[in-house]
Protein chains: 2
Amino acid sequence: MTGRVALGIDGTRTIQEGRARDGCGREGNDACLQCNLGDLAFCHGLPEGELRGLMSIQGCVRTTPQDTLFNEGDRATYLYSPLSGAVKIYKLMADGRRQITGFFFRGDLFGFSPNGLHGYTAEAVTAGSLCRFPAAKMELLYPDSPVLAREVLRRSMIKLAHFHEHTLLLGRKSAPEKLASFLLTLSQRAVERGDSASPVLIPMGRSDVADYLGLTIETVSRTLTKFKASGLLELPNPSTVALRDPAALRRIADGGI
Amino acid sequence: MTGRVALGIDGTRTIQEGRARDGCGREGNDACLQCNLGDLAFCHGLPEGELRGLMSIQGCVRTTPQDTLFNEGDRATYLYSPLSGAVKIYKLMADGRRQITGFFFRGDLFGFSPNGLHGYTAEAVTAGSLCRFPAAKMELLYPDSPVLAREVLRRSMIKLAHFHEHTLLLGRKSAPEKLASFLLTLSQRAVERGDSASPVLIPMGRSDVADYLGLTIETVSRTLTKFKASGLLELPNPSTVALRDPAALRRIADGGI
DNA sequence: CGCCTCCTTGAAGTGCCTCAAATAATGTGG
DNA sequence: CCACATTATTTGAGGCACTTCAAGGAGGCG
């Protein structure tokens, strides 16, 4: 009964309820006790009473790569927090141009909506599992859960800060600056999750990287090759990057003169 | 005693406390009663008790063009909501490249920070006045002001939605698509504030528009000229745009095939 | 009126994109 | 486990949208 997948009318796979062993699936009382996020969890440190309210509405889903969690325009039913794996969110234009607006990993939180509708599509990058909470029930909790409400606000402010940074990247940085920034951010986020800084795993394909940075896959590939030739990094395989000279990458990322 | 300005150590002008007649300046009890924002105000509709808490910490500043409200890296002391005028926020790179990440008008809210430091600089585009609230005192209000806390969260989610849209614009749209999107958004926001949709005022200069859209001033100017030649709009003066064919602009903005 | 700033227009350059193909990685059925 | 099919990534050549550099108008203000 784990990771069942149903085909949507358009043939894309859509996740269903999950039942599994990594803390995912045990709905209700003991689910959060098995959560392995530790202090990465947005519910970490909640007072007893608030946590109980959250646990009572907590659910879980598992994903396989390319599973769609929700589509742009869908009712914003759930808030999600990955336990493992990676998720991307993106917007599409009529002619197929795509802009990925975010990647989410262990402990992140996404699915916010100001108007009850999702403004973007969410799709799994890798297999994994996500903790999720019904948005409507969540809102009912806020008035009596000040710490929870405060933490959700803090998370959304962190997202806003990321967007300011990414807006600068998209609007004003060159391709090498974009790639250097991207790799360093991936590395830093890996560290925050407790993973290693240097052999960084790039779970998404070149096409996802390109659509996140406002480039083409060819430019992404060429730029990485150039970095490799300069001794800035190594690419043992397309999805692993060893940062050989993070300081130099930092200078490039910041437009060092 | 209105709109006094002090020179910062770098010679840029920095706003000081204001005292004035448009609802700005009367600190304390009666300030909010004179507020002319109506339902645009983020404090609109707050229950009596919550509003009283807000009023007790409310303050006001006036700006003249190019006044700096705060710099990137400054302590995030205040949250701001313009009563009149326009404000831009931006990030700078070491070599001077600039990305404007937002414009704020009557009723908007800005100054959020997840870590106590501003991640961007805020500068007045025009003369005007802003309602402001000490961030630290604001946070003390949240636990006992669920409606206020909810509204601040809602505002930050609206900002997030704007960023998703703007990220798509920066990463994937052509110059004409960017300009068409920008003009339509300005127009729509004017309507939301109760202003006219079509002769739209563009309070910021070409250089601000360029730095917001990730273009150069030359490209902005050329593209507007092209739109004018196509009969899509008229430019009675550089800061006024009459949208002659909003539907066509919409098609362009969306990448109509 | 003259100066300054902002905006517009022109000409040339370039960084990234598009189109095209080779190579590497991944998965699959026998 | 291997041969093959499929997909992802890399590499190459040429083109174009936007930038850069440069100069000419148009208001605004003392």
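Buried area, as I use it here, is the accessible area (1.4 Å probe) that two parts lose on being put together, summed over both. I note that the size of an interface is often given as the accessible area lost when the parts come together.

**Ground rules.** I am working with a predicted model, in which local features need pLDDT of at least 70 and side-chain atom pairs count only at pLDDT 80 or more, while totals for chains, interfaces and linings use all residues. Residues are numbered from 1 along each chain as its sequence is written, chains are lettered from A and ligands numbered from 1 in the order in which they are written, and side-chain values use heavy atoms, with hydrogens and water left out.

**Entry 1: chain B against chain A.** I looked up the buried area first and found that chain B and chain A bury about 4,000 Å² between them, with 69% of it on carbon and sulfur atoms. Pro114(B), His164(B) and Arg172(B) supply 19% of the area that chain B buries against chain A, more than any other three residues. Counting contacts (heavy atoms within 4.5 Å), I find 47 residues of chain B touching 47 residues of chain A.

I then turned to salt bridges, meaning a side-chain nitrogen of Lys or Arg within 4 Å of a carboxyl oxygen of Asp or Glu, and there are eight between chain B and chain A. One that I looked up joins Glu165(B) to Lys91(A), where the closest N and O atoms are 3.3 Å apart. For polar contacts I take a pair of N or O atoms within 3.5 Å; within protein, one must be able to donate a hydrogen and the other to accept it, and residues adjacent in sequence count only if both atoms are side-chain atoms. On that basis 19 residue pairs, both residues at pLDDT 80 or more, are in polar contact between chain B and chain A.

Elements are DSSP runs numbered from the N terminus, helices being H or I with at least four residues and strands E with at least two. On the side of chain B that touches chain A, β6 (87-92), β7 (98-104), α3 (146-172) and α5 (206-213) each supply at least two residues, and α3(B) gives the most, with 20 residues.

**Entry 2: DNA strand C.** I call a residue near a strand if one of its heavy atoms lies within 4 Å of it. Of the 15 residues around DNA strand C, Ala175(A), Thr219(A), Arg206(B), Arg222(B) and Thr225(B) come nearest, and sugar and phosphate account for 64% of the strand's atoms that come within 4 Å of the protein. I checked distances from polar side-chain atoms to a phosphate oxygen of this strand: 2.5 Å for Thr219(A), 2.6 Å for Thr225(B) and 3.0 Å for Ser221(B). The helix α6(B) gives the most to the surface near DNA strand C, with four residues.

**Entry 3: DNA strand D.** Here too I find 15 residues around the strand, the closest being Arg206(A), Arg222(A), Thr225(A), Ala175(B) and Thr219(B), and sugar and phosphate make up 62% of the atoms of DNA strand D that come within 4 Å of the protein. A polar side-chain atom of Arg206(A) lies 2.7 Å from a phosphate oxygen of DNA strand D, and one of Thr225(A) lies 2.6 Å from a phosphate oxygen of that strand. I also looked for a base, and a base nitrogen of DNA strand D is 3.0 Å from an N or O atom in the side chain of Glu218(B). The helix α6(A) gives the most to the surface near DNA strand D, with four residues.
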